Amino acid sequence: MIIKPFEPSPLTKGLQALVSRLQPTHLQYQKLQQELKNKEAGDFGEQYIMKQLQQITLLNDCYIFHNVMLPSVFPMQIDILIIVPNAIIILEIKNIRGTVHFKNNPRQLIRTSETGEVQVFTHPEIQLEQYIQGLKHFLGKHHITIPVYGAVVFPFNNVHILRAYEGLPIIMAKELPLFLHKHIGKRKETTTEIKQIILSQLQHRTPFPLCHYYQIDSSALQQGVYCESCGQFGMLKLRMTWYCQHCQNKCTNAHIKALLDYYMLIGDTIMNGECREFLKIESQYVVKRILQKVCATSTGSDRYRQYNLSSLYLNHR
């Protein structure tokens, strides 16, 4: 049973907006573009595993969560958490292709791509061990003792794995049913209690605004409203719609994506003048109507009024 379904990472969405609004000549463009590719690959792998889990009849009466952050002594951002009878299972998903070498002393994950490029990553066992200990500590605060297991899961067969020592399980997606079967026992009533505790304690954190996070001057961003049809910026605001001069596409709510970009990249509040500049609208009255419609709250008065974009983001996650 899916309790918390798959959602793309907020950082993925933010990076998509950032890369689309930066010029390819920007000093950080190539680095951010690669980071975006990595995040999209990670999301794709996690989404694939969530779909596979839904097809495992063994888990019909279990509870499955995607992207779990809980308060604990160790930072926890668990890719997939499964509450099964008598145990909790943590899955750390790694959608990496090429040759992957799990190195010990010091523990590192070294990936060699098909082109021969070598990259070094944090060893997923380290993350997994922290999550297991952190979850045990979290449950202990709620007076619950239950075994916690974990595995590193590679979704696809486009990886060659090398490991010369024993450690936490490293498995392929097709091995999941057998792995899960080993840890599922008879039902205990505490599974429902654990589900409720986790739901009540879920945390949501984002790195927004990304211009501050990556130390990018917001003046480097391409301004204007994006056309989903042709991929160009600069849609014109007409009386009842937005109009693209490049492909003649029309869209009534094209400003929504632009304001979400502003929230993720620049800040969670916006003033009328800032909005006019970002959306490329001359009329302060048109912008006022737009902001009053999409923003649930605002502070200040007259030309100093600040509109809060948080509700807009929450409604369009």
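In this predicted model, the largest nonpolar core holds 44 residues, and Leu18, Leu259 and Leu279 are the ones that touch the most other members. Two or more residues of this core come from each of helix 1 (10-21), helix 2 (29-54), helix 6 (210-213), helix 7 (254-265), helix 8 (272-279), helix 9 (284-294) and helix 10 (310-315), and helix 7 gives the most, with nine residues. In soluble globular proteins, nonpolar side chains tend to be buried together.

Leucine 18, once its neighbours within four places in sequence are set aside, is in contact with Leu32, Leu210, Tyr214, Ile216, Leu221 and Leu265. Apart from the largest core lies another one, made of 33 residues, including Phe65, Ile78, Tyr131 and Tyr165.

Two of the contributing helices also pack against each other: the axes of helix 7 and helix 9 are 12 Å apart and form an angle of about 75 degrees. Because angles of 65 to 115 degrees count as roughly perpendicular, helix 7 is described as roughly perpendicular to helix 9. Where these two helices meet, His255, Ile256 and Leu259 come from helix 7, while Ile290, Leu291 and Val294 come from helix 9.

Helix 3, which covers residues 124-141, has 18 residues and reaches 26 Å from its first C-alpha to its last, close to the 26 Å expected at 1.5 Å a residue. Its buried residues are Pro124, Glu125, Gln127, Leu128, Tyr131, Ile132, Gly134, Leu135, Phe138 and Leu139, and Tyr131 is also among the members of the 33-residue core. An α-helix has 3.6 residues a turn, so residues three or four places apart point the same way. Just after helix 3, histidine 143 takes a positive phi of about 60 degrees.

The model also contains an open sheet of three strands in the order 14-16-15, paired in antiparallel fashion. Strand 14 and strand 15 are its edge strands, each pairing on one side only, and the twist from one strand to the next averages 30 degrees. Three bridges join strand 15 to strand 16, and these two strands run antiparallel; serine 298 has tyrosine 307, in strand 16, as its bridge partner. The strands of this sheet are listed below.

| Strand | Residues |
|---|---|
| Strand 14 | 269-271 |
| Strand 16 | 306-308 |
| Strand 15 | 297-299 |

How values were computed. Residues numbered from 1 in each chain as written. Predicted model: local features only at pLDDT ≥ 70, side-chain atom pairs only at ≥ 80, totals over all residues. Heavy atoms only, no water. Helix = DSSP H or I, 4+ residues; strand = E, 2+ residues; numbered from the N terminus. Expected span 1.5 Å × (residues − 1). Buried < 20%, exposed > 50% of the residue type's maximum accessible area, 1.4 Å probe, protein only. Pairing = 2+ DSSP bridges. Axes fitted to C-alpha atoms, helices over the stretch in contact; angles between N-to-C directions. Core = buried A, V, L, I, M, F, W, Y, C linked by side-chain atoms within 4.5 Å. Contact = heavy atoms within 4.5 Å. Parallel < 35°, antiparallel > 145°, perpendicular 65-115°, else oblique.
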